[in-house]
Amino acid sequence: DIRGWEVPRWCDVNGRNDAAAAIPARDGWPAMHWSPVQGIEHLHTRQTASLFDLSGTAKFEATGGGVVAYLNRLCTGQMDFPVGHIAHAVFATPQGGIVGDAAVTRLAWDRYWITVDGATGPTVGNWLRRHIHDGERVMLVEHSSQWCGLGLWGPAAPGILSEAASADLSLDAFPYRTWQTLEIGAVPVRALRLSGIGEVGWELYVPPEFGPALWDTVWRAGRDAGLIAAGSGALRSLRLEKGRGRTGAEYLRDRTVYEAGLGRAVSFEKSSYIGRDALLRARDAGPRSRLCCLAFDDPAAIAFGGEPVFADGALAGFATGGDSGYSVGKALAFAYLAAPHTQQGTPVDIEIFADRFAGTVVGSPAFDPAGDRFRR
């Protein structure tokens with residue numbers, strides 16, 4: 001479960017024998033709480049479309065006349081962007097490390113909607129509350145239990161949602177990183193055009209009492225198009241292939257925003273925000289280490305986090321986690337490596353339960369590096 005929301009890791013109904021035979025087998029510890037159905041759901045999402053339960057996402061609303069200044073003080077990027085748009089925000093420590101990251105949606109000039117990975121919701125929520133100054137015209141309210149959510153992603157997602165919503169969902173009418181209110185059946189839905197997995201699609205949020213009706217409407221619209229329900233296991237491997245890290249695993253307080261590869265979320269045009277001076281020094285000095293993606297031919301090379309990584313026979317860093325990259329046909333892992341070993345093509349070895357597996361530093365994202373698929 002995610003903060004009390006029960007979420008399936010996979011759905012057995014998707015476990016066709018012919019498709020399961022193509023998924024690399026696992027045994028031992030990597031097979032715990034795993035099923036080849038996760039791989040089937042992963043590939044189906046890339047090929048058609050899947051529906052995911054996002055209800056465990058943490059959700060906050062920040063409002064008030066001082067909200068822009070407040071968010072600009074906490075976030076490394078510019079938060080004064082047009083109403084209707086969505087920004088990727090990073091919350092940095094004074095030392096330039098990462099407290100968390102979020103999708104920040106501007107609902108009105110004085111109203112923002114902040115969505116965070118559910119596991120790190122309490123950490124980010126505490127950070128947001130702690131930094132409201134006395135007398136500041138800002139109100140922060142957590143709405144995590146007041147909204148449930150669905151993720152609809154895959155090449156068939158626009159056609160399915162158009163059928164359910166009777167709306168123009170083309171990229172021109174509904175651009176990436178924008179939001180709209182859609183009428184899906186009889187349900188008013190807050191629809192965010194976002195994708196953490198690199199496929200075209202939407203995050204759909206409604207109050208929980210409307211959740212079953214939203215699910216049923218989207219499900220009926222996608223029945224003929226091949227829509228399936230998929231679990232959190234597929235979501236994890238899809239995100240890994242697209243280079244999307246997690247706070248507490250890849251995004252850490254003792255690693256700077258630049259080391260984590262999130263420098264695109266940093267702006268120095270703002271004169272002051274938490275971590276600015278440290279990030280300026282980090283940018284000028286260059287990263288001492290970097291978050292890299294590693295690829296292994298051996299499907300048994302499933303990292304859980306903390307495994308040592310070696311290059312040129314010496315310790316080069318540590319893994320933060322891994323999974324099967326079902327679309328690229330290799331086991332993948334994230335790892336922080338010392339700067340001399342971060343070039344693509346660098347051979348590495350990872351030690352997992354006393355066994356060594358040979359791999360290579362590859363570009364991240366490992367799948368669709370140009371990002372063409374989610375902008376269709």
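**Exercise 1.** Decide how accessible Phe318 is in this predicted model.

*Solution.* Phe318 has a relative accessible area of 27%, and this value lies between the limits for buried (under 20%) and exposed (over 50%; 1.4 Å probe, protein chains only), so Phe318 is partly exposed. Tyr336, with a relative accessible area of 1%, is buried.

**Exercise 2.** State how many aromatic pairs there are, and classify the pair of Phe81 and Tyr112.

*Solution.* Counting rings of Phe, Tyr and Trp (six-membered ring) with centres within 6.5 Å, we arrive at nine aromatic pairs. The centres of Phe81 and Tyr112 are 6.0 Å apart and their planes stand at 85 degrees, so this pair is edge-to-face (over 60 degrees; under 30 is stacked, the rest tilted). Next, locate the partners: Phe81 sits in the loop between helix H3 (67-74) and strand E3 (86-92), while Tyr112 belongs to strand E5 (residues 111-116), so that the pair links distant parts of the chain, 31 residues apart (DSSP runs numbered from the N terminus, helices H or I of at least four residues, strands E of at least two). Finally, Phe81 is buried at 12% relative accessibility, and Tyr112 is buried at 0%.

**Exercise 3.** Classify the pair of Phe318 and Tyr336, and say which strands hold the two residues.

*Solution.* Phe318 and Tyr336 lie 5.9 Å apart, centre to centre, with 35 degrees between their planes, and the pair is tilted. Because Phe318 is in strand E14 (residues 314-325) and Tyr336 in strand E15 (residues 330-338), the pair ties together parts 18 residues apart in sequence.

**Notes.** Residues are numbered from 1 along each chain as its sequence is written, and side-chain values use heavy atoms, without hydrogens or water. Local features need pLDDT of at least 70 and side-chain atom pairs 80 or more, whereas totals for chains, interfaces and linings use all residues.
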